[in-house]
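Let's take a relaxed walk through this structure, starting with a couple of backbone details and then moving on to the ligand.

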Amino acid sequence: MKHVRLLTPGPTMVPQEILAEMARPTGHHRSAESRRALREVTEALQYLFQTNATCLTVTGSGSAAMEAAIVTTCAPGRKALVIRSGKFGERWAKVCAAFGIDHVTYDVDWGTAPSAEGIAEQLAADASIGYVIVVHCETSTATACDLEAIAKAVRSHDVLLIVDAVASAGAIPLRMDAWGVDVAVVGGQKAPMLPPGLSFVAVNDRAWAVADSFAPPAFYLDLKAYRKALAADYSPPYTPSVPLIMAARKALASIREMGIEAVWAKVATLARATRAAGEAIGLSLFSKAPSDSVTAFCVPDGIDDAVLRGRLRDEYGVLIAGGQDRLKGRIVRIGHLGHVDAVDTLGALAALEIVLNSMGYSCTLGAGVAAAQRVLAASAS
Ligand SMILES: *Cc1c(COP(=O)(O)O)cnc(C)c1O
């Protein structure tokens, strides 16, 4: 059986202990045990997002949480400003369009991060904006923005800040309440180390005040139904994925046990090690504001990225991601979020050196690995 290591920026590897939770007999979703699990997940999510906001669990991937967030909180008569700096920013605009949510887009070059100043200018120029929707870590370009600064700039206006934290919550620093984020979403198959199928939304009181002022164009993803469930002793509105909720309880508890700062530090160290390795073997970073959740290297001239990734997968059991859309064939992306550790990362970098060399890209075998080792050694001491 092939041993495949997922170094993709979602889905990420699922630890055995978390998978094992899913093998337990599936109880009724309104049983005391299931309701207790949902309560524990809800509380652990507050820790993950660093918030006292209401945290809700949706059965569906991250996009379901995105849709739920905006159909529930974007009231008619207020316009959304959607920041587009990659594939996921584009998706937010598409969700707005699908539901007829009034929106304008602010386009930022792929590989650069939207700035607080740029967003402040947009807000100053258009008083009808009621929402800012921004992607914290744009996975498609491996770019992170300074969300704390953006939140500060947004706070001086009467707008809600909705954040795509799908690839950032549980990976890079995010303090929802301290920074002033109103709504945030995350997907289970990213930093939370779950098999795909669950996503989570945090909604604060400012956002609920708006949500309570209108009827959303949704039924299943109307978050008000989920909020009601929490008040009703964690009895969910519809049948959720109970096995995934059991797994989420275990996964989120393990993040809490390790401590969120320690998790952020681990991800940052793996990212630094990977960037150092790339630099040592002459690979350039695609992003001008590289995130720690995922690293994107430009594919060197003359290298076919599909062949490169296929050989890494088939010969070494290392799965990394390619580029999406206009970046297809131009970048490869290595994830640092979730269960992936130093040895997985060193192994992937070692395999990358071997395959690149055999494809005609010359680099000294071990040079990248040694650079990564130095970063890891320094952070361990
Ligand atoms: C993965 C991801 C999503 C959601 O994608 P799903 O496939 O629906 O889970 C949204 N935003 C970002 C930044 C992501 O990385």
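D325 sits in the loop between β13 (321–322) and β14 (331–335). Keep in mind that the model is predicted. What's odd about D325 is its positive phi of about 55°, even though it is not a glycine. Is D325 buried, exposed or something in between? With a relative accessible area of 41%, D325 counts as partly exposed, because that label covers values from 20% to 50%.

D233 tells a similar story: this non-glycine residue also has a positive phi of about 55°. You'll find D233 in the loop between α9 (223–231) and α10 (242–258). Its relative accessibility is 48%, so D233 is partly exposed.

One more backbone quirk: the peptide bond from G10 to P11 is cis, with omega near 0°. P11 belongs to the loop between β1 (5–6) and α1 (16–22).

Now for the ligand. Around it are 14 residues, and S61, S63, T139, Q189 and K190 come nearest. By class, this shell has 6 nonpolar, 5 polar and 3 charged residues. Both α3 (62–73) and α4 (87–98) supply at least two shell residues, and α3 gives the largest share, with 3 residues.

Here are some side chains with a polar atom close to an oxygen atom of the ligand:

| Residue | Distance to a ligand oxygen atom |
|---|---|
| T139 | 2.4 Å |
| K190 | 2.6 Å |
| R91 | 3.4 Å |

How much of the ligand does the protein bury? Taken alone, the ligand exposes 380 Å², and the protein buries 89% of that.

Conventions
Residues numbered from 1 in each chain as written. Predicted model: local features only at pLDDT ≥ 70, side-chain atom pairs only at ≥ 80, totals over all residues. Heavy atoms only, no water. Near = heavy atom within 4 Å. Polar contact = N/O pair within 3.5 Å; in protein donor to acceptor, adjacent residues only side chain to side chain. Areas by Shrake-Rupley, 256 points an atom, 1.4 Å probe, with all protein chains shown as cover. Helix = DSSP H or I, 4+ residues; strand = E, 2+ residues; numbered from the N terminus. Nonpolar A, V, L, I, M, F, W, Y, C, P; charged D, E, K, R; others polar. Buried < 20%, exposed > 50% of the residue type's maximum accessible area, 1.4 Å probe, protein only.
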